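Here are some short exercises with worked solutions, to be done with the model open beside you. Try each task first, then read on and compare.

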Amino acid sequence: MSSPERTWKTIESGPHTYKEALHPVVINNYGKWKYHEIPRPGVLKHVGESGDTLFTVRAGTPRQDTVDMVRQLCDIADRYCDGHLRFTVRNNVEFLTPNGENVEPMIRDLEAMGFPVGGAGNCVSSVSHTQGWLHCDIPATDASGVVKSMMDTLYNEFKHMEMPNKVRLSTSCCSINCGGQADIAVVVKHTRPPRINHDHLSMICELPKAVARCPVAAIRPTVVNGKRSLMVDEAKCICCGACFGACPAMEINHPEHSKFAIWVGGKNSNARSKPSTMSIVAHNLPNNPPRWPEVTDAVGRILTAYKAGGRPWERVGEWINRIGWKRFFEETSRI
């Protein structure tokens, strides 16, 4: 007969709480910060009500991190920060130390290893982007490669605070848009429905799984040459590519029919103005690795116009709303 009293405790699975990894100064001043400032590009200084000071040095990383690279970063953290570092959602790495004298030598060591210090304040931040060809099963392009190409041309804008306000960038491999809202977003679009290989489909695909994967119910069962297969209602298909991840026989990638679009004016936060969605300003840009020059040029021209015409603390979307779309296209040379 079982005991009416519970004598065991459930152990939940999942990640440890982030608070276990916080710097001691952060723990002691959690929710009690008095103010913060940016003494130089890539460096934040937080001062607590207790008088404690914490410096944060932010450096960009390539996102596709090797074990050797992580060990290098950990060595920097051990040398200057008592082992404390963290990665941000934009793939930067931040080193936290209460010792101001450690900031400059830490920056020199990071720069010498190829990690640019910046991305804080009125600058171009690192790009929030999807996995690309390395991990994702439905990308129309390699987001990581596009990011590399863009940030090579925007290197100085990452390292210096010369923009009217912060600039958030994102890149998405497909129209499902894992990159999210941003001041400037590069989104890839499949421009035609999937090509179905009926000879292979029934042998390598789970038909119900492929049907269920479509977000607009454009896929339905059919029979072709006496074999069970699938068909696509092209009038309903939004060319997202989700079906290809469930069924490789529904090929949607194509070097000529997978195109780039550029969207602007997205904003997630409610600081100074309300959140806003993005608007498309360029489409059908070629998907031409490995450097994607047309995309890089278009993004560069938008940022150049914004840098020259934006008012202090004005985000990209706010700048466009003030000057209007006609003038926006004139100043960006009609991308």
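**Exercise 1. Find out whether N29 is buried or exposed, and place it in the chain.**

Step 1: At a relative accessibility of 2%, N29 is a buried residue. Here buried means under 20% relative accessible area, exposed means over 50%, and partly exposed lies in between (1.4 Å probe, protein chains only).

Before going on, a word on the model. This is a predicted model, in which local features need pLDDT of at least 70 and side-chain atom pairs count only at pLDDT 80 or more, while totals for chains, interfaces and linings use all residues. Residues are numbered from 1 along each chain as its sequence is written, and side-chain values use heavy atoms, with hydrogens and water left out.

Step 2: Look for N29 in the loop between α1 (24-28) and β1 (33-40). Helices (H or I, at least four residues) and strands (E, at least two) are DSSP runs, numbered from the N terminus.

Step 3: List its partners, leaving aside neighbours within four places in sequence: N29 is in contact with G48, E49, S50 and D52. Contact means heavy atoms within 4.5 Å.

Step 4: Check one distance: the C-alpha atoms of N29 and L54 are 10.0 Å apart, with their positions 25 residues apart along the chain.

**Exercise 2. Describe the chain as a whole: how many helices and strands does it have, and what are its domains?**

Step 1: Count the elements: there are 11 helices and 14 strands.

Step 2: Divide the chain into domain 1 (18-113), domain 2 (124-191 + 255-332) and domain 3 (195-251). These bounds come from an automatic or database domain assignment.

Step 3: Take the centres over C-alpha atoms, and domain 1 and domain 3 turn out to be separated by 48 Å. Along the principal axes, the C-alpha atoms of the chain fill a box of roughly 80 × 75 × 40 Å.

Step 4: Add the totals. Of the 335 residues, 44% are buried. Of the contacts between residues at least 6 apart in sequence, 63% join residues at least 24 apart.

**Exercise 3. Which residues does L73 touch, leaving aside its neighbours within four places in sequence?**

Step 1: Go to helix α2 (67-80), where L73 lies.

Step 2: L73 has a relative accessible area of 0%, so this residue is buried.

Step 3: Its partners are L85, F87, V93, F95, L110 and F115. For F115, 42 residues away along the chain, the C-alpha separation from L73 is 9.5 Å.

**Exercise 4. Which residues of helix α4 are buried, and what do they pack against?**

Step 1: The buried residues of α4 are A143, S144, G145, V146, V147, S149, M150 and M151.

Step 2: Helix α4 (residues 143-153) has 11 residues and eight of them are buried, so the helix is largely enclosed by the rest of the structure.

Step 3: The elements that the buried residues pack against are β6 (124-129), α5 (155-159), β7 (167-172), β8 (184-190), β13 (258-264) and α9.

**Exercise 5. At what angle do α9 and α10 pack, and which residues meet?**

Step 1: Two packed helices are described by the angle between their axes and the distance between the axes.

Step 2: For α9 (residues 293-309) and α10 (residues 316-323), the angle is about 70 degrees and the axes are 11 Å apart. Axes are lines fitted to C-alpha atoms, for helices over the stretch in contact, and angles run from 0 to 180 degrees between N-to-C directions.

Step 3: The two helices α9 and α10 are therefore roughly perpendicular to each other, a label that covers 65 to 115 degrees.

Step 4: On the α9 side I302, A305, Y306 and G309 take part, and they meet V316, W319 and R322 of α10.

**Exercise 6. Examine the backbone at D82, W313 and P290.**

Step 1: Most residues other than glycine have a negative phi, and most peptide bonds are trans.

Step 2: D82, not a glycine, has a positive phi of about 55 degrees. D82 sits in the loop between α2 and β4 (85-87) and is exposed, at 62% relative accessible area.

Step 3: W313 also has a positive phi, near 70 degrees. This residue belongs to the loop between α9 and α10 and is partly exposed, at 46%.

Step 4: The peptide bond from P289 to P290 is cis, with omega near 10 degrees. P290 is in the loop between β14 (279-285) and α9.

Terms used: Angles under 35 degrees count as roughly parallel, over 145 as roughly antiparallel, 65 to 115 as roughly perpendicular and the rest as oblique.
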